[in-house]
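Biologist: Before we start, could you take me through the reasoning behind the labels used for this protein, one step after another?

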Amino acid sequence: MGKYILKRLGLLIPTLLGVITLVFFMIALSPGDPARVMLGERASAEQLAKLRADMSLDRPLHEQYFSYLGRVAHLDLGKSITTGRPVVEEVLELFPATMELAFFAMLIASVAGIIIGVISATRRNTMVDYVSMVGALFGVSMPVFWLGLVLIMIFSVFFDLFPTGGRMNVRYYMDTITNFYLIDSLIAVFKTGDWHYLGSALKHLILPSVALGTIPLAIIARTTRSSMLEVLKQDYVKTARAAGIPERKVIYRYALKNALLPIITVIGLQFGLLLSGAILTETIFAWPGIGKWIYHSISARDYPAVQGGIIVISTVFVLINLLVDILYSVVNPKVRLK
(Lines give C-alpha, C1' and ligand atoms only; values in the text may rest on other atoms or scores of the structure.)
Protein backbone atom coordinates (compact mmCIF):
# COMPACT_ATOMS: atom_id res chain seq x y z
CA MET A 1 0.00 0.00 0.00
CA GLY A 2 2.80 2.43 0.89
CA LYS A 3 4.56 1.85 -2.43
CA TYR A 4 1.28 2.38 -4.28
CA ILE A 5 0.63 5.69 -2.49
CA LEU A 6 4.18 6.93 -3.16
CA LYS A 7 3.78 6.07 -6.83
CA ARG A 8 0.54 8.05 -7.03
CA LEU A 9 2.13 10.98 -5.19
CA GLY A 10 4.96 11.00 -7.73
CA LEU A 11 2.44 11.50 -10.52
CA LEU A 12 1.10 14.63 -8.83
CA ILE A 13 4.18 16.72 -9.61
CA PRO A 14 3.93 16.69 -13.44
CA THR A 15 0.16 17.07 -13.20
CA LEU A 16 0.39 20.17 -11.01
CA LEU A 17 3.22 21.55 -13.16
CA GLY A 18 1.01 21.20 -16.22
CA VAL A 19 -1.89 22.93 -14.46
CA ILE A 20 0.30 25.83 -13.30
CA THR A 21 1.80 26.21 -16.79
CA LEU A 22 -1.58 26.18 -18.50
CA VAL A 23 -3.09 28.68 -16.04
CA PHE A 24 -0.12 31.03 -16.29
CA PHE A 25 -0.12 31.25 -20.09
CA MET A 26 -3.92 31.48 -20.34
CA ILE A 27 -3.90 34.46 -17.99
CA ALA A 28 -0.71 36.03 -19.32
CA LEU A 29 -1.87 35.91 -22.94
CA SER A 30 -5.40 37.13 -22.23
CA PRO A 31 -6.25 40.69 -23.38
CA GLY A 32 -6.05 43.52 -20.90
CA ASP A 33 -3.39 45.40 -18.95
CA PRO A 34 -3.22 44.70 -15.17
CA ALA A 35 -1.25 47.91 -14.64
CA ARG A 36 -3.98 49.93 -16.34
CA VAL A 37 -6.61 48.20 -14.19
CA MET A 38 -4.75 49.06 -11.00
CA LEU A 39 -3.96 52.68 -11.83
CA GLY A 40 -7.02 53.57 -13.85
CA GLU A 41 -7.49 55.25 -17.19
CA ARG A 42 -5.94 58.55 -16.07
CA ALA A 43 -2.56 57.06 -15.17
CA SER A 44 0.46 58.52 -16.93
CA ALA A 45 2.85 56.51 -19.08
CA GLU A 46 5.58 56.85 -16.42
CA GLN A 47 3.30 55.47 -13.71
CA LEU A 48 2.28 52.55 -15.90
CA ALA A 49 5.89 51.77 -16.79
CA LYS A 50 6.94 51.83 -13.14
CA LEU A 51 4.14 49.51 -12.06
CA ARG A 52 4.82 47.11 -14.94
CA ALA A 53 8.46 46.98 -13.81
CA ASP A 54 7.44 46.34 -10.19
CA MET A 55 5.16 43.50 -11.31
CA SER A 56 7.77 42.13 -13.78
CA LEU A 57 5.31 42.65 -16.64
CA ASP A 58 8.02 44.32 -18.73
CA ARG A 59 10.14 41.16 -18.81
CA PRO A 60 9.95 38.48 -21.54
CA LEU A 61 7.16 35.95 -21.10
CA HIS A 62 9.47 33.00 -20.43
CA GLU A 63 11.26 34.93 -17.69
CA GLN A 64 7.90 35.79 -16.12
CA TYR A 65 6.96 32.10 -16.27
CA PHE A 66 10.07 30.78 -14.53
CA SER A 67 9.88 33.56 -11.97
CA TYR A 68 6.25 32.63 -11.29
CA LEU A 69 7.18 28.94 -10.91
CA GLY A 70 9.78 29.89 -8.31
CA ARG A 71 7.27 31.97 -6.36
CA VAL A 72 4.64 29.22 -6.47
CA ALA A 73 7.22 26.72 -5.20
CA HIS A 74 7.59 28.99 -2.16
CA LEU A 75 3.78 29.29 -1.81
CA ASP A 76 3.88 32.89 -3.02
CA LEU A 77 0.93 33.48 -5.35
CA GLY A 78 1.50 37.22 -5.59
CA LYS A 79 -0.68 40.09 -4.41
CA SER A 80 -4.23 40.86 -5.40
CA ILE A 81 -4.52 43.85 -7.69
CA THR A 82 -7.84 45.01 -6.21
CA THR A 83 -7.09 44.58 -2.50
CA GLY A 84 -3.29 44.67 -2.36
CA ARG A 85 -3.31 41.66 -0.01
CA PRO A 86 -1.28 38.48 -0.62
CA VAL A 87 -3.36 35.99 -2.59
CA VAL A 88 -2.40 33.19 -0.16
CA GLU A 89 -3.94 35.10 2.74
CA GLU A 90 -7.21 35.64 0.86
CA VAL A 91 -7.34 31.99 -0.21
CA LEU A 92 -6.77 30.76 3.34
CA GLU A 93 -9.51 33.09 4.53
CA LEU A 94 -12.11 32.19 1.90
CA PHE A 95 -11.39 28.60 0.92
CA PRO A 96 -12.79 27.02 4.12
CA ALA A 97 -16.21 28.45 3.23
CA THR A 98 -16.11 26.78 -0.19
CA MET A 99 -14.84 23.49 1.25
CA GLU A 100 -17.56 23.48 3.89
CA LEU A 101 -20.25 24.13 1.28
CA ALA A 102 -18.87 21.51 -1.14
CA PHE A 103 -18.46 18.89 1.60
CA PHE A 104 -21.98 19.36 2.94
CA ALA A 105 -23.44 19.34 -0.59
CA MET A 106 -21.55 16.15 -1.45
CA LEU A 107 -22.61 14.54 1.83
CA ILE A 108 -26.26 15.15 0.96
CA ALA A 109 -25.72 14.01 -2.64
CA SER A 110 -23.80 10.85 -1.70
CA VAL A 111 -26.12 9.61 1.03
CA ALA A 112 -29.34 10.39 -0.83
CA GLY A 113 -27.97 9.29 -4.22
CA ILE A 114 -26.74 5.90 -3.01
CA ILE A 115 -29.99 5.20 -1.14
CA ILE A 116 -32.13 6.18 -4.15
CA GLY A 117 -29.91 4.16 -6.51
CA VAL A 118 -30.04 1.03 -4.36
CA ILE A 119 -33.81 1.22 -3.90
CA SER A 120 -34.30 1.83 -7.61
CA ALA A 121 -32.10 -1.16 -8.55
CA THR A 122 -33.76 -3.56 -6.13
CA ARG A 123 -37.21 -2.49 -7.35
CA ARG A 124 -36.41 -2.38 -11.04
CA ASN A 125 -39.25 -1.59 -13.46
CA THR A 126 -41.61 -0.56 -10.67
CA MET A 127 -43.21 2.82 -10.08
CA VAL A 128 -40.50 3.59 -7.49
CA ASP A 129 -37.81 2.95 -10.12
CA TYR A 130 -39.53 5.10 -12.75
CA VAL A 131 -40.11 8.00 -10.35
CA SER A 132 -36.51 7.85 -9.11
CA MET A 133 -34.98 7.89 -12.57
CA VAL A 134 -37.27 10.66 -13.81
CA GLY A 135 -36.34 12.67 -10.72
CA ALA A 136 -32.65 12.01 -11.41
CA LEU A 137 -33.05 13.17 -15.01
CA PHE A 138 -34.83 16.29 -13.80
CA GLY A 139 -32.05 16.91 -11.27
CA VAL A 140 -29.31 16.67 -13.90
CA SER A 141 -31.21 19.01 -16.23
CA MET A 142 -31.80 21.85 -13.75
CA PRO A 143 -29.36 24.79 -13.96
CA VAL A 144 -27.86 25.60 -10.57
CA PHE A 145 -28.65 29.32 -10.79
CA TRP A 146 -32.32 28.61 -11.58
CA LEU A 147 -32.67 26.05 -8.80
CA GLY A 148 -31.01 28.40 -6.32
CA LEU A 149 -33.44 31.20 -7.13
CA VAL A 150 -36.42 28.80 -6.88
CA LEU A 151 -35.25 27.56 -3.47
CA ILE A 152 -34.85 31.13 -2.24
CA MET A 153 -38.30 32.06 -3.53
CA ILE A 154 -40.01 29.07 -1.90
CA PHE A 155 -38.17 28.51 1.36
CA SER A 156 -36.93 32.03 2.09
CA VAL A 157 -39.54 34.39 0.66
CA PHE A 158 -42.80 32.39 0.88
CA PHE A 159 -42.22 30.25 3.98
CA ASP A 160 -39.41 32.22 5.67
CA LEU A 161 -37.70 29.01 6.81
CA PHE A 162 -34.13 29.70 5.69
CA PRO A 163 -32.04 32.85 5.12
CA THR A 164 -31.40 34.05 1.60
CA GLY A 165 -27.63 34.25 1.89
CA GLY A 166 -24.51 34.58 4.00
CA ARG A 167 -22.99 32.10 6.45
CA MET A 168 -24.20 33.36 9.84
CA ASN A 169 -26.84 35.68 11.23
CA VAL A 170 -25.30 39.10 11.88
CA ARG A 171 -26.78 39.06 15.40
CA TYR A 172 -24.43 36.25 16.41
CA TYR A 173 -20.77 37.11 16.74
CA MET A 174 -18.23 34.36 17.32
CA ASP A 175 -14.48 33.98 17.09
CA THR A 176 -13.52 32.31 13.81
CA ILE A 177 -10.67 29.98 14.63
CA THR A 178 -10.76 27.65 11.62
CA ASN A 179 -13.10 29.61 9.30
CA PHE A 180 -15.17 26.42 9.06
CA TYR A 181 -18.33 27.81 10.61
CA LEU A 182 -19.74 24.44 11.66
CA ILE A 183 -16.57 23.73 13.64
CA ASP A 184 -16.30 27.28 14.99
CA SER A 185 -19.98 27.28 15.98
CA LEU A 186 -19.50 24.01 17.89
CA ILE A 187 -16.56 25.58 19.71
CA ALA A 188 -18.73 28.60 20.50
CA VAL A 189 -21.45 26.27 21.82
CA PHE A 190 -18.98 24.58 24.17
CA LYS A 191 -17.75 27.96 25.38
CA THR A 192 -21.09 29.71 25.83
CA GLY A 193 -23.68 26.92 25.88
CA ASP A 194 -25.68 28.85 23.26
CA TRP A 195 -26.86 26.56 20.44
CA HIS A 196 -27.98 29.49 18.28
CA TYR A 197 -24.51 29.63 16.71
CA LEU A 198 -24.73 26.09 15.34
CA GLY A 199 -28.38 26.50 14.37
CA SER A 200 -27.69 29.67 12.43
CA ALA A 201 -24.69 28.12 10.63
CA LEU A 202 -26.75 25.07 9.61
CA LYS A 203 -29.73 27.15 8.45
CA HIS A 204 -27.48 29.25 6.22
CA LEU A 205 -25.82 26.13 4.82
CA ILE A 206 -28.87 24.07 3.85
CA LEU A 207 -30.22 25.91 0.79
CA PRO A 208 -26.91 26.46 -1.03
CA SER A 209 -25.89 22.86 -0.26
CA VAL A 210 -29.11 21.50 -1.72
CA ALA A 211 -28.76 23.70 -4.81
CA LEU A 212 -25.13 22.70 -5.31
CA GLY A 213 -25.66 19.02 -4.56
CA THR A 214 -28.70 18.35 -6.77
CA ILE A 215 -26.79 17.53 -9.96
CA PRO A 216 -24.24 15.24 -8.20
CA LEU A 217 -27.12 13.55 -6.36
CA ALA A 218 -28.83 12.69 -9.64
CA ILE A 219 -25.59 11.42 -11.21
CA ILE A 220 -24.71 9.30 -8.16
CA ALA A 221 -28.22 7.83 -8.07
CA ARG A 222 -28.06 6.79 -11.74
CA THR A 223 -24.53 5.39 -11.36
CA THR A 224 -25.49 3.44 -8.24
CA ARG A 225 -28.51 1.97 -9.97
CA SER A 226 -26.50 0.85 -13.02
CA SER A 227 -23.69 -0.60 -10.92
CA MET A 228 -26.09 -2.41 -8.58
CA LEU A 229 -28.04 -3.92 -11.47
CA GLU A 230 -24.81 -5.33 -12.87
CA VAL A 231 -23.71 -6.79 -9.54
CA LEU A 232 -27.12 -8.29 -8.72
CA LYS A 233 -26.76 -10.49 -11.81
CA GLN A 234 -23.56 -12.11 -10.51
CA ASP A 235 -23.48 -15.72 -9.37
CA TYR A 236 -22.22 -14.98 -5.84
CA VAL A 237 -25.33 -12.84 -5.20
CA LYS A 238 -27.58 -15.64 -6.41
CA THR A 239 -25.64 -18.10 -4.23
CA ALA A 240 -26.01 -15.86 -1.17
CA ARG A 241 -29.76 -15.67 -1.73
CA ALA A 242 -30.00 -19.44 -2.25
CA ALA A 243 -28.14 -19.97 1.03
CA GLY A 244 -30.95 -18.20 2.86
CA ILE A 245 -29.02 -15.04 3.76
CA PRO A 246 -31.44 -12.18 4.53
CA GLU A 247 -32.12 -9.96 1.51
CA ARG A 248 -31.03 -6.78 3.31
CA LYS A 249 -27.67 -8.36 4.12
CA VAL A 250 -27.26 -9.58 0.54
CA ILE A 251 -27.93 -6.08 -0.80
CA TYR A 252 -25.80 -4.01 1.52
CA ARG A 253 -23.00 -6.40 2.45
CA TYR A 254 -22.40 -8.31 -0.77
CA ALA A 255 -23.90 -6.37 -3.66
CA LEU A 256 -23.31 -2.73 -2.64
CA LYS A 257 -19.73 -3.37 -1.50
CA ASN A 258 -18.83 -4.78 -4.90
CA ALA A 259 -20.67 -2.00 -6.72
CA LEU A 260 -18.74 0.78 -4.98
CA LEU A 261 -15.87 1.28 -7.44
CA PRO A 262 -17.76 3.29 -10.10
CA ILE A 263 -19.70 5.07 -7.33
CA ILE A 264 -16.47 6.17 -5.65
CA THR A 265 -15.19 7.42 -9.01
CA VAL A 266 -18.29 9.54 -9.56
CA ILE A 267 -18.25 10.91 -6.00
CA GLY A 268 -14.60 11.91 -6.28
CA LEU A 269 -15.00 13.59 -9.65
CA GLN A 270 -18.20 15.35 -8.64
CA PHE A 271 -16.63 16.68 -5.44
CA GLY A 272 -13.82 18.21 -7.48
CA LEU A 273 -16.34 19.68 -9.91
CA LEU A 274 -18.31 21.19 -7.02
CA LEU A 275 -15.34 23.38 -6.13
CA SER A 276 -15.43 25.00 -9.58
CA GLY A 277 -19.20 24.86 -9.90
CA ALA A 278 -19.63 26.66 -6.60
CA ILE A 279 -19.05 30.01 -8.34
CA LEU A 280 -22.72 30.33 -9.37
CA THR A 281 -24.04 28.99 -6.08
CA GLU A 282 -21.86 31.28 -3.99
CA THR A 283 -22.85 34.28 -6.08
CA ILE A 284 -26.59 33.56 -5.79
CA PHE A 285 -26.52 32.89 -2.05
CA ALA A 286 -23.91 35.58 -1.25
CA TRP A 287 -21.69 32.83 0.14
CA PRO A 288 -18.26 34.37 0.90
CA GLY A 289 -16.15 31.61 -0.62
CA ILE A 290 -13.39 31.29 -3.16
CA GLY A 291 -15.82 30.80 -6.05
CA LYS A 292 -17.45 34.18 -5.56
CA TRP A 293 -14.01 35.69 -5.01
CA ILE A 294 -12.74 34.30 -8.34
CA TYR A 295 -15.85 35.62 -10.09
CA HIS A 296 -15.23 39.15 -8.84
CA SER A 297 -11.50 38.81 -9.59
CA ILE A 298 -12.30 37.89 -13.21
CA SER A 299 -14.61 40.89 -13.49
CA ALA A 300 -11.88 43.16 -12.13
CA ARG A 301 -9.16 41.48 -14.22
CA ASP A 302 -7.26 40.72 -11.04
CA TYR A 303 -4.86 38.29 -12.70
CA PRO A 304 -2.84 37.18 -9.63
CA ALA A 305 -6.05 36.39 -7.74
CA VAL A 306 -7.51 34.45 -10.68
CA GLN A 307 -4.29 32.49 -11.15
CA GLY A 308 -3.99 31.70 -7.46
CA GLY A 309 -7.62 30.67 -7.11
CA ILE A 310 -7.53 28.35 -10.12
CA ILE A 311 -4.27 26.76 -8.98
CA VAL A 312 -5.67 26.10 -5.50
CA ILE A 313 -8.88 24.56 -6.86
CA SER A 314 -6.90 22.45 -9.35
CA THR A 315 -4.57 21.25 -6.60
CA VAL A 316 -7.49 20.19 -4.42
CA PHE A 317 -9.08 18.46 -7.42
CA VAL A 318 -5.87 16.48 -8.03
CA LEU A 319 -5.59 15.56 -4.35
CA ILE A 320 -9.19 14.34 -4.37
CA ASN A 321 -8.38 12.11 -7.33
CA LEU A 322 -5.43 10.75 -5.35
CA LEU A 323 -7.75 9.99 -2.44
CA VAL A 324 -10.13 8.22 -4.84
CA ASP A 325 -7.26 6.07 -6.11
CA ILE A 326 -6.34 5.15 -2.53
CA LEU A 327 -9.96 4.27 -1.76
CA TYR A 328 -9.93 2.07 -4.86
CA SER A 329 -7.07 0.05 -3.43
CA VAL A 330 -8.87 -0.27 -0.10
CA VAL A 331 -12.16 -1.42 -1.61
CA ASN A 332 -10.52 -3.63 -4.23
CA PRO A 333 -6.90 -4.73 -3.47
CA LYS A 334 -6.51 -5.92 -7.07
CA VAL A 335 -6.18 -2.26 -8.14
CA ARG A 336 -2.88 -1.67 -6.34
CA LEU A 337 -1.53 -5.02 -7.56
CA LYS A 338 -1.97 -3.83 -11.13
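Modeller: A fair place to begin is the second largest pocket, where helix 5 gives the largest share of the lining, four residues. Please keep in mind throughout that this is a predicted model.

Biologist: What else lines the second largest pocket, and which residues lie nearest its centre?

Modeller: The lining has 14 residues, and nearest the centre lie Leu75, Leu77, Ile311, Val312 and Thr315. Two or more lining residues come from each of helix 1, helix 4, helix 5 and helix 14 (303-331), and the space in this pocket is about 340 Å³.

Biologist: Why is Phe24 called buried, and why is Phe25 called partly exposed?

Modeller: Buried means under 20% relative accessible area, and Phe24, at 5% relative accessibility, therefore counts as buried. Partly exposed covers the range between that limit and the one for exposed, which is over 50%, so Phe25, at 27% relative accessibility, counts as partly exposed.

Biologist: What makes the pair of Phe24 and Phe25 edge-to-face?

Modeller: Ring centres within 6.5 Å make a pair, and planes over 60 degrees apart make it edge-to-face. The centres of Phe24 and Phe25 are 5.2 Å apart with 85 degrees between the planes, so both conditions are met and the pair is edge-to-face.

Biologist: Why, then, is the pair of Phe24 and Tyr65 called tilted?

Modeller: Here the ring centres are 5.6 Å apart and the planes stand at 55 degrees, which is neither under 30 nor over 60 degrees, so the pair is tilted. This pair links distant parts of the chain, with Phe24 in helix 1 (residues 2-28) and Tyr65 in helix 4 (residues 61-73), 41 residues apart. Phe24 and Tyr65 are both buried, and ring pairs join them with Phe25, Phe66 and Tyr68 into a cluster.

Biologist: How do you know that Arg167 lies over the face of Tyr181?

Modeller: For an arginine, CZ must be within 6 Å of the ring centre and within 35 degrees of the ring normal. Arg167 is placed over the face of Tyr181 at 3.8 Å from the ring centre, so the distance satisfies the first of these limits.

Biologist: Which residues have the most contacts inside the largest nonpolar core?

Modeller: That core has 66 residues, and Tyr68, Val91, Phe95, Met228, Ile290 and Trp293 have the most contacts inside it. Helix 5 (residues 87-122) supplies the largest share, 13 residues. A second, separate core has seven residues, including Leu147, Leu151, Leu207 and Ala211.

Methods
Residues numbered from 1 in each chain as written. Predicted model: local features only at pLDDT ≥ 70, side-chain atom pairs only at ≥ 80, totals over all residues. Heavy atoms only, no water. Core = buried A, V, L, I, M, F, W, Y, C linked by side-chain atoms within 4.5 Å. Buried < 20%, exposed > 50% of the residue type's maximum accessible area, 1.4 Å probe, protein only. Phe/Tyr/Trp six-rings, centres within 6.5 Å; stacked < 30°, edge-to-face > 60°. 1 Å grid on protein atoms, 1.4 Å probe; cavity = no way out; pocket = protein on both sides within 12 Å on 5 of 7 lines; lining within 4 Å. Points joined across faces, edges and corners; volume = space filled by probe spheres on them.
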